[in-house]
Amino acid sequence: MKIKSHTQYLGFILGIVYGLFFRLISDVEYFDGFYNVYSITFIWVIPTLIGLFPILFSSSKLYLSPLKLFLYPVLTIFLFLIITLVTGLEDVFCLFIIGIPFFIAAGVIGILLGTYMKDKMINKKVYSIFLLPLILNPIENIIPNKSEEFKVEHSIIINKNKSEIFPNLLEVQNINEKQYGNGFFQIVGIPKPLNSKMYSDGENLYRIGYFTDDFQLYESIDTMGENEFVSFQIHLDKSQLRNQPTDIHLVQSDYFKFGKISYKLIEVDTNKTKVILSCDYILNSKMNSYANFWAEKIISDFEKRLLKSIKINIET
């Protein structure tokens, strides 16, 4: 009985070590372009395999409990994610991105495969399945990513005329925490805007958007019609980003690219203006639908809160 118990715990440990191995080599420059975190292999295949360890190294009694067949793989994934958070391999927001498919894959495979393996002898050849990521990821990298353009747009009515509003869009006044508020994305570490200021390099005007956590975005003016519209192009190479997994793996990656951030003003009445804020961005991956699920919600949350804050500042 003790041997079986220890073997059962060994499954948890091996599953965690297995996941950490693939997570760590994704940060090794030698494997750049060969292996990466935000791939189908890492998001879906690896958590499936991590979940197999506590099943394959468990006593036969595990197969008698559908609840355990579901919970053991999920618990292994949970411990793996906690370790990546504690060690700084991932931050809280990254855990939400990979955590959802990780838990789904591990839970489903636990029930399906565990039920199938009930009362069956485990062939040693089964263990070769753990080599799959080394085969699948290079194959996946041969298949080109799909590049798609997206836009998120929101508007608000501000009780001022266009000439009073426009300067406040070029240089956003200080935004306090009460104005911007705290929601899910702020709690998990997405930076909050503080203000933005215009500068000149002698030839061109540019703007720097200041955020919490010393996050700064360098934005050049793309097009502008005074009191009518303005669009900014974000330059990440000139911006000040954070040394955090979210910024390193997403903001600075080829999977997500900012397009333009634009404001448009439409007169509703003498002292009433509709302000439209839009953000264009490009996703370049094999999981654009899932990536856009998060991108759309983050940008939408940002636009709504920013417009509300601008409205409060201008009207008061």
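Glu-315 and Lys-311 form a salt bridge whose closest N and O atoms are 2.7 Å apart, a salt bridge being a side-chain nitrogen of Lys or Arg within 4 Å of a carboxyl oxygen of Asp or Glu. Both residues lie in helix H10, four residues apart, or about one turn of the helix; helices here are DSSP runs of H or I with at least four residues, strands are runs of E with at least two, and both are numbered from the N terminus. Glu-315 has a relative accessible area of 30% and is therefore partly exposed, given that buried means under 20%, exposed over 50% and partly exposed in between, with a 1.4 Å probe and protein chains only.

The model is a predicted one, in which local features need pLDDT of at least 70 and side-chain atom pairs count only at pLDDT 80 or more, whereas totals for chains, interfaces and linings use all residues. Residues are numbered from 1 along each chain as its sequence is written, and side-chain values use heavy atoms, with hydrogens and water left out.

The structure holds twelve salt bridges, including one between Lys-162 and Glu-228 with the closest N and O atoms 2.8 Å apart. This pair links distant parts of the chain, since Lys-162 lies in helix H6 (residues 162–170) and Glu-228 in the loop between strand S4 (216–225) and strand S5 (229–240), 66 residues apart. Lys-162 counts as buried at 15% relative accessibility, while Glu-228, at 34%, counts as partly exposed. Another salt bridge joins Lys-192 to Glu-177, with the closest N and O atoms 3.9 Å apart; here Lys-192 sits in the loop between helix H8 (184–187) and strand S2 (193–200), and Glu-177 in helix H7 (residues 177–180), 15 residues away. Lys-192 is buried at 15% relative accessibility, whereas Glu-177 is exposed at 51%.

Returning to helix H10 (residues 288–315), one also finds Arg-305 there, which counts as buried at 17% relative accessibility. Leaving aside residues up to four places away in sequence, Arg-305 touches Tyr-180, Gly-181, Asn-182, Gly-183 and Gln-186, where contact means heavy atoms within 4.5 Å.

Turning to the interior, the largest nonpolar core has 37 residues, of which Tyr-38, Phe-93 and Phe-102 touch the most other members; such a core is a set of buried Ala, Val, Leu, Ile, Met, Phe, Trp, Tyr and Cys residues joined through side-chain atoms within 4.5 Å. Helix H1 (2–25), H2, H3, H4 and H10 each give two or more residues to this core, and H2 gives the most, with nine. Phe-102 touches Phe-42, Ile-43, Pro-47, Ile-50, Ile-77, Phe-80 and Leu-81, again not counting residues up to four places away in sequence. Apart from this core lies another, of 32 residues, among them Ile-156, Leu-169, Val-172 and Phe-232.

On the surface, a nonpolar patch of about 860 Å² is made by ten residues listed as Ile-40, Trp-44, Leu-67, Phe-70, Leu-71, Ile-100, Ile-104, Val-108, Ile-111 and Leu-112. Patches consist of residues with over 30% relative accessible area and no salt bridge, like charges being joined within 9 Å and nonpolar side chains (Val, Leu, Ile, Met, Phe, Trp, Tyr) within 5 Å, and the areas come from the Shrake-Rupley method with a 1.4 Å probe, only the protein chains shown counting as cover for residues. Helices H2 (40–56), H3 (66–86) and H4 (92–116) each supply at least two residues of the patch, with H4 giving the most, five. Phe-70, found in helix H3, is partly exposed, with a relative accessible area of 33%.
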